[in-house]
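Please keep the sequence and the 3D view side by side while reading. The paragraphs below lead from an enclosed space to a few helices and then to some backbone details.

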Amino acid sequence: MSNHSVPIDSSCPFNAPKRRRDVSESSPCFTRLSNVSVPTTCLCHPEQRDALLQFKNEFEVLNSSFDYDYCIIYDIKPHRKTESWVNNNDCCTWDGIMCNPKSGDVIELDLGCSNLRGCGQIMSSIGNLSHLTSLDISWNNFSGFIPSSIGSLSHLTYLDISSNQISGEIPRSIGLLKDLHVLNLSNNAFTGHIPSSMGNLTALESLDVSQNQLSGEIPQALGSLSFLSYMNFSHNQLTGLVPGGTQFRRLNCTSFEDNPGLFGPSLEEICRDIHMPRPHETPESDEEEEVLSWIAAVIGVIPDAAAPQLIKKETRKRRVTSPYFHKPSFLVFNARRPSSRRTLVSLYNLFFTLSHKLLTSFPLSLIMPKPNDAEAVPLLDLSKPSSPISFPIKSLQDLESRSYFDSFHFQFNRSTVPLRGDLPNNRPRVLVCHDMKGGYVDDKWVQGCENDAGYAIWHWYLMDVFVYFSHSLVTIPPPCWTNTAHRHGVKVLGTFITEWDEGKTTCNEMLATKESAQMYAERLAELATSLGFDGWLINIENEIDKEQVPNLMEFVSHLTKVLHLSTPGSLVIWYDSVTVHDHLKWQDHLNEKNKRFFDLCDGIFMNYTWKESYPKLSAEVAGDRKYDVYMGIDVFGRGSFGGGQWTVDTALDLLKRNNVSAAIFAPGWVYETAQPPNFHTAQNKSRKVLEKPRSERVFLGISHVPAYYVSELVVDSDVKGVSFVVQPCGEDGLWRKLDDSPNLLVDLEGLS
């Protein structure tokens with residue numbers, strides 16, 4: 001018997017030596033050698049074996065080779081795998097079953113092309129295989145529907161039930177499969193809508209729902225799944241707006257064919273030239289282009305999103321519908337095999353040193369298609385700040401034309417870090433609006449700047465929302481800010497602003513019709529979703545014509561709705577500026593002149609010249625939404641209650657007592673005015689000013705502070721006798737409520 005431990009199984013006789021003489025030689029844990037029965041390792045758990053046998057009883061094995069020709073395409077010879085499923089042997093040895101060699105749990109079930117026919121509530125018994133990571137019943141003759149219990153298979157990374165006759169609706173519980181990488185439901189008879197819960201599948205890389213009878217819209221939330229690189233919605237009855245995420249604009253037009261009710265900018269872009277060759281492209285150049293693309297993929301200089309296109313190019317030669325997941329024998333990259341990923345990682349590491357030198361002088365134009373405006377692709381110089389850069393959009397024409405997406409710089413401005421958590425709904429919040437005199441000179445360099453003394457923020461645990469503000473029409477947060485904020489659970493908003501006479505001209509064009517207002521709202525939603533930040537601050541600081549007010553309200557409403565669909569949890573916040581009566585008159589508190597804008601979006605940023613009674617008045621008007629009122633505080637102190645600067649805590653304390661949120665404007669005052677003795681010390685001093693209202697653990701909510709910040713607290717040497725209550729994380733890494741776990745009292749006295 002093996003020396004390593006195995007799970008104790010009542011069906012394994014060698015675990016009960018006193019009964020060994022009574023055991024039949026056909027026992028599942030004995031191997032017959034000559035005339036002697038020798039015990040072997042019994043890996044299978046009895047309850048999992050029973051679940052598999054119950055599943056077997058739900059279908060019949062056909063004598064004919066159902067869909068044999070289709071399976072041959074994928075180099076899979078159909079055979080009756082379940083014939084080996086008998087009760088007197090170890091289920092881990094059955095055909096189509098793979099077990100974890102240490103735990104004995106069934107982790108993979110592959111019954112593709114197995115001549116099976118079943119009906120009714122199929123897969124109900126599979127719900128007992130809670131450790132399953134891969135499930136494939138494709139290319140059989142299953143009918144019936146998928147039970148909601150499919151959501152209990154929380155470890156699934158691969159699910160393929162394609163090419164059967166399964167009907168009914170796709171269960172909403174499929175959105176519980178958070179680890180799912182590949183989902184193939186194609187070539188069945190599914191009806192109803194694609195569930196919006198699929199937007200929760202944050203690890204999803206490949207989705208195929210083609211050749212069904214699905215109706216309704218494609219969930220906008222799919223556009224925010226950053227790893228989703230292959231999708232196929234063809235041959236259904238889908239209608240409505242195609243999501244505007246970058247993933248959708250990279251699809252083939254064939255991914256949407258035979259859905260005449262679909263529309264939208266993404267669809268128009270990818271389908272406009274489907275049968276037209278690119279300029280200067282000839283058939284003879286295809287081979288050279290493919291070679292260059294594969295070289296680029298190996299050395300890591302092509303953007304991540306291009307890799308699936310390379311795989312698709314290869315698999316189309318083999319008549320494959322989907323590039324990732326059918327069968328392993330013919331794919332260069334197999335999503336089900338960890339070895340394929342390890343191979344790619346090894347190749348990347350092998351060529352990393354070479355690519356570093358190559359990138360400093362390699363002409364990217366050889367491997368990157370030129371944008372429509374024939375913009376020259378610059379050399380990628382890693383030795384100094386250089387292209388790519390972050391930049392704002394300065395005109396409605398550029399916003400409407402979507403020229404930003406044609407820029408070389410676009411791919412490098414996408415956030416890569418998903419947001420952790422959501423806004424608290426049981427306490428006031430803190431919004432920090434960053435503004436820097438003279439613009440963001442250092443921020444534009446995506447690769448990093450040379451200014452070691454540049455402005456920085458490191459007290460993220462004090463914030464809930466971060467707004468990247470400037471006076472350009474459309475200010476886009478650089479990815480460095482978004483990635484950093486997301487790591488700490490802080491939402492990031494860009495800014496859309498119109499000002500003075502130029503702003504009035506802009507509004508005349510933008511608000512000319514209801515349709516134009518909706519179009520520009522959709523452009524902003526597409527930008528946020530594609531670049532991975534969390535919404536917009538809308539600031540209309542100019543007079544508008546009275547007849548434009550309804551269209552302005554439509555702009556705010558439509559932006560909020562579309563953005564919520566495409567990026568769940570996103571925010572649209574209105575700045576207290578123009579009123580519903582078309583006047584530019586800052587109200588400083590929530591009232592009937594600005595509340596209609598507040599009602600259409602997620603919050604209002606009140607101007608910072610409010611009086612002492614205004615927070616209470618605003619809370620009363622807001623009612624249940626009082627935390628969505630962000631009272632402005634100008635750190636420079638330009639008319640702010642309490643004077644700003646080092647007395648910002650005066651205003652914060654008043655807001656805390658009135659139970660409304662705070663919007664701190666221009667925290668860069670510390671940096672711009674060179675507060676003594678140096679920026680680092682002054683910034684930490686400002687942090688302590690902001691923390692003062694937290695003494696009662698009400699204003700900022702201690703449960704929002706991750707435990708690892710304890711090691712990062714900067715404490716001045718003159719701080720004595722101060723203690724902080726620290727809320728620890730749970731074992732799953734998520735915050736716990738204050739009363740769910742013991743608090744840690746950290747005494748800072750004596751720390752330096």
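**A cavity between two domains**

Because domain 1 (46-271) and domain 2 (396-417 + 429-447 + 456-686) both give residues to the lining of the second largest cavity, this cavity lies between them. The model is a predicted one, and a search of the whole structure finds 5 cavities of 30 Å³ or more. The second largest cavity has a volume of about 120 Å³, and 15 residues line it, of which Leu241, Pro243, Gly244, Glu522 and Glu526 are the closest to its centre. Helix H4 (265-271), helix H11 (514-531) and helix H12 (549-566) are the elements that each give two or more residues to this lining, and the largest share, 5 residues, comes from H11. In chemical character, the lining of the second largest cavity divides into 6 nonpolar, 6 polar and 3 charged residues.

**The N-terminal annotation and helix H1**

For the feature "domain: Leucine-rich repeat-containing N-terminal plant-type", the UniProt record, an unreviewed entry, lists residues 45-60 and 78-100. In the model, the span 45-60 is 69% helix and 12% strand, and its end C-alpha atoms lie 24 Å apart.

Histidine 45 is found in the loop between strand E2 (36-39) and H1. Is histidine 45 buried or exposed? Its relative accessible area is 14%, and since buried means under 20%, histidine 45 counts as buried. Histidine 45 is 61 residues away from valine 106 in sequence, yet the two are 8.4 Å apart in space when taken from C-alpha to C-alpha.

Helix H1 itself, residues 46-56, has Pro46, Gln48, Arg49, Ala51, Leu52, Leu53 and Phe55 as its buried residues. The elements that cover these buried residues of H1 include strand E3 (59-61), strand E4 (97-99), strand E5 (106-110) and strand E8 (141-144).

**Helix H15 and the residue that follows**

Turning to helix H15 (648-657), one finds that 7 of its 10 residues are buried, so H15 is largely enclosed by the rest of the structure. The buried residues of H15 are Val648, Asp649, Ala651, Leu652, Leu654, Leu655 and Lys656, a list that holds Asp649 and Lys656 alongside leucines such as Leu652.

Just after H15, asparagine 659 takes a positive phi of about 60°, although this residue is not a glycine. Asparagine 659 sits in the loop between H15 and strand E26 (661-665), and with a relative accessible area of 22% it is partly exposed.

**Other backbone details**

Most residues other than glycine have a negative phi, and most peptide bonds are trans. Against that background, two further places deserve a look.

Aspartate 258, which is not a glycine, has a positive phi of about 65°. Its place is in the loop between helix H3 (246-249) and strand E17 (261-263), where aspartate 258 is partly exposed, with a relative accessible area of 48%.

Which residues does a cis peptide bond join? The bond lies between proline 676 and proline 677, and its omega is about 0°. Proline 677 belongs to the loop between helix H16 (669-672) and helix H17 (679-691).

How values were computed
Residues numbered from 1 in each chain as written. Predicted model: local features only at pLDDT ≥ 70, side-chain atom pairs only at ≥ 80, totals over all residues. Heavy atoms only, no water. UniProt positions renumbered as here; feature names shortened; annotations may be inferred. Helix = DSSP H or I, 4+ residues; strand = E, 2+ residues; numbered from the N terminus. 1 Å grid on protein atoms, 1.4 Å probe; cavity = no way out; pocket = protein on both sides within 12 Å on 5 of 7 lines; lining within 4 Å. Points joined across faces, edges and corners; volume = space filled by probe spheres on them. Nonpolar A, V, L, I, M, F, W, Y, C, P; charged D, E, K, R; others polar. Domains from an automatic or database assignment. Buried < 20%, exposed > 50% of the residue type's maximum accessible area, 1.4 Å probe, protein only. Contact = heavy atoms within 4.5 Å.
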